[in-house]
Amino acid sequence: MTRRQFALGGGGLLAGGLVATARGASAEPAPASAGAPAPGLIEDLVAANRILADQGVLDGYGHVSARHDQDPGRYLLSRSLAPELVTAGDIMEYDLDSRPLDPRGRAAYLERYIHGEVYRARPDVKAIVHHHAPSVIPFGASTVPLRPLYHMAAFLGGGVPVFDIRAAAGGPTDMLVSSAALGQALARGLGEHSAVLMRGHGAVVVGASVPQAVARSVYMEIDARVAAQAIALGGEVRYLDAEEARRAQAAVEATLGRPWELWKRKAMARCAGPTPSS
Ligand code: MN
């Protein structure tokens, strides 16, 4: 199916509602904490917030989460806060219904359902970024697909679907994925891809680790910028083909520790807030 077919096909809230009802019955016991995650996971998640702000992927909005390393039915996400300001004490634990387990008066992001429903649908996903990077917005609104123009964005070689919230909701919304049903519709739009564009809004990027989701977000943002430049030149734009993308993705993703260490050091040094204590 093409990205356009998906955007038009929607799927609607009916299917999402049925899923919500089915799992609502099994989720009655009060959620219990999965316990403390590995200190390194919290540190990486704090760093991810700051890196994505430092790299221009997130501004005052957007968020990044990690699946809990002790329980796949839990995830970790900051309280509602600008990503650049996030510290270890702001990280909250949620269940996959996106209920905070120990809110202590802390506000939750309205769009946390993106995280809970994608983790539920995709057991392989260990980290999720939701961003509004300006460079990707045209590709969510246009019939021109976002494709890998260069090797660092090879993970986009499988295609980037577009989630149209109007089709999913069956009418106009405030554009926010602010319910479980909309989160489920978004997860269906993502399918088995590594990223999904959200028309008139932004994108969601997933990874098998926090560094991978962060790097994919950074290089997706750059790819959208340079692809728009290539398109503006006129003439035929030559993207990576499927085999090039497959090979380049394997080569690039085997070395992501290198930019991760650089970004982490720079972002933690630049940010005014306290560094994580653990
Ligand atoms: Mn958003």
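A residue counts as exposed if 12 or fewer other C-beta atoms lie within 10 Å of its own, and as buried if 20 or more do. The exercises below apply this and related criteria to a predicted model.

**Exercise 1.** Determine whether Arg104 is buried or exposed, and describe its backbone.

*Solution.* First, locate the residue: Arg104 lies in the loop that links β3 and α4. Next, consider its surroundings: Arg104 has 7 C-beta neighbours inside 10 Å, and therefore counts as exposed. Finally, turn to the backbone: the phi angle of Arg104 is near 45 degrees, which is positive although the residue is not glycine.

**Exercise 2.** Determine whether Ser98 is buried or exposed, and describe its backbone.

*Solution.* Ser98 belongs to the loop between β3 (91-95) and α4 (113-121). Within 10 Å of Ser98 there are 22 other C-beta atoms, so this residue is buried. Its phi is near 65 degrees, again a positive value in a residue other than glycine.

**Exercise 3.** Establish how the axes of helix α3 and helix α8 are arranged, and which residues meet between them.

*Solution.* Begin with the geometry: the axes of α3 (residues 39-54) and α8 (residues 210-233) come within 10 Å and cross at roughly 5 degrees. Angles under 35 degrees count as roughly parallel. The two helices, α3 and α8, are therefore roughly parallel to each other.

Then list the contact: from α3, Asp44, Leu45, Ala48, Ile51 and Leu52 meet Val210, Pro211, Val214 and Ser217 of α8. By class, the residues of this contact comprise seven nonpolar, one polar and one charged.

Definitions and conventions. Residues are numbered from 1 along each chain as its sequence is written. This is a predicted model: local features need pLDDT of at least 70, side-chain atom pairs count only at pLDDT 80 or more; totals for chains, interfaces and linings use all residues. Axes are lines fitted to C-alpha atoms, for helices over the stretch in contact, and angles run from 0 to 180 degrees between N-to-C directions. Helices (H or I, at least four residues) and strands (E, at least two) are DSSP runs, numbered from the N terminus. Angles under 35 degrees count as roughly parallel, over 145 as roughly antiparallel, 65 to 115 as roughly perpendicular and the rest as oblique. Two residues are in contact if their C-beta atoms, placed from the backbone, lie within 7 Å. Ala, Val, Leu, Ile, Met, Phe, Trp, Tyr, Cys and Pro count as nonpolar, Asp, Glu, Lys and Arg as charged, and the others, Gly among them, as polar.
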